[in-house]
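The report below considers the helical architecture of one chain, moving from a single helix to the packing of helix pairs. Please read it alongside the sequence and the structure.

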Amino acid sequence: MEEKQNNIWFVTLVLTIIAGYCDTITFVAADKIFSAHVTGNFIVFAYQMIKGSDGDAWIKLLTFPIFMLSVMAGGWISAKFSNRHFLLLCEGIILLLGGAIAYSLGYIDNGEITWPIYLVTMIVVFAMGLQNAFGKLFAKETYGPTTMMTGNVTQFALDIRSFCNSGFKNADFLSGINKGLITLGGFLIGCLLGAWIGQLFGLVGILLPGIAMIVCYYSTKPRINDVKL
């Protein structure tokens, strides 16, 4: 039980950092596209349209079918493998693939947005779809959603209020606050890192979360990883 709790703490921190990182790096280096929280692309799309943007704005809508296909793929994968963390390995491999493609194309942020950049971005969107599927299918494996922070902020605020009302004595509410700090703090750290790396190296920086995800998988996977028959 203690090992499982340690895994949840570690997995939550890694996943929130990666989600914040990927969401921000694609926003910074790929024409303001959100990869983890794709509904934000509705807002950016609408904004660019009223500002008279060219046809590239429509590419943002492509994130939705790709995201949905990824979530469905995540459901299929989870039904085939008994190790629920196998989805994280798949996500890590896809992120490494995206970073490798960006590197092979010689893309270091130069202010230009070309079709290969959109290709790499959609690969990142697909990876984030797997992470969202993991969060829905295996909610107890993390302290809360790792890609969308609004619900986590709401719960964090409620836990703070309840802890104060208890006279700062209720350990359950304090535990909730600590979990909120891990979730929100991890996402913020990821956003800052994604903005910094994206500004310096563009989408090549996707290699880093790919490596982190694979390390997370091999650090937390159970001993059995059998295909379901």
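In what follows, a residue is called exposed if its relative accessible area is over 50%, and buried if that value is under 20%. The model discussed here is a predicted one.

**Overall composition**

The chain has 8 helices and 0 strands, and its pattern along the sequence reads α-α-α-α-α-α-α-α. Of its 229 residues, 46% count as buried. Among the contacts with a separation of 6 or more, 79% are accounted for by residues that lie 24 or more positions apart.

**The two sides of α2**

Helix α2 covers residues 40-50, and within this helix Gly40, Asn41, Val44, Phe45 and Gln48 are buried. Viewed down the axis of α2, these buried residues fall within an arc of 135°, so they line one face of the helix. On the other side of α2, by contrast, Ile43, Tyr47 and Ile50 are exposed. Just after the helix, Gly52 takes a positive phi of about 75°.

**Two packed helix pairs**

The table sets out the packing geometry of two helix pairs.

| Helix pair | Residue ranges | Packing angle | Axis separation |
|---|---|---|---|
| α4 and α8 | 86-104 and 207-220 | about 155° | 7 Å |
| α3 and α5 | 63-80 and 115-137 | about 50° | 7 Å |

Angles over 145 degrees count as roughly antiparallel, and α4 and α8, which pack at about 155°, are therefore roughly antiparallel to each other. The crossing of α4 past α8 is left-handed. On the α4 side, the residues that meet α8 include Phe86, Leu88, Leu89, Ile93 and Gly99, while the partners in α8 include Leu207, Pro209, Ile211, Met213 and Tyr217. Sorted by class, this contact of α4 with α8 comprises 15 nonpolar, 3 polar and 1 charged residues.

For the other pair, the angle of about 50° between α3 and α5 falls outside the parallel, perpendicular and antiparallel ranges, and these two helices are therefore oblique to each other. Here α3 passes α5 in a right-handed crossing. From α3 the contact draws on residues including Thr63, Ile66, Phe67, Ser70 and Gly74, and from α5 on residues including Met122, Val125, Phe126, Gly129 and Asn132. By class, the contact of α3 with α5 has 12 nonpolar and 7 polar residues, with no charged residues.

Conventions:
Residues numbered from 1 in each chain as written. Predicted model: local features only at pLDDT ≥ 70, side-chain atom pairs only at ≥ 80, totals over all residues. Heavy atoms only, no water. Buried < 20%, exposed > 50% of the residue type's maximum accessible area, 1.4 Å probe, protein only. Helix = DSSP H or I, 4+ residues; strand = E, 2+ residues; numbered from the N terminus. Arc of directions from axis to C-beta. Axes fitted to C-alpha atoms, helices over the stretch in contact; angles between N-to-C directions. Parallel < 35°, antiparallel > 145°, perpendicular 65-115°, else oblique. Left-handed = near helix turned anticlockwise from the far one by under 90°. Contact = heavy atoms within 4.5 Å. Nonpolar A, V, L, I, M, F, W, Y, C, P; charged D, E, K, R; others polar.
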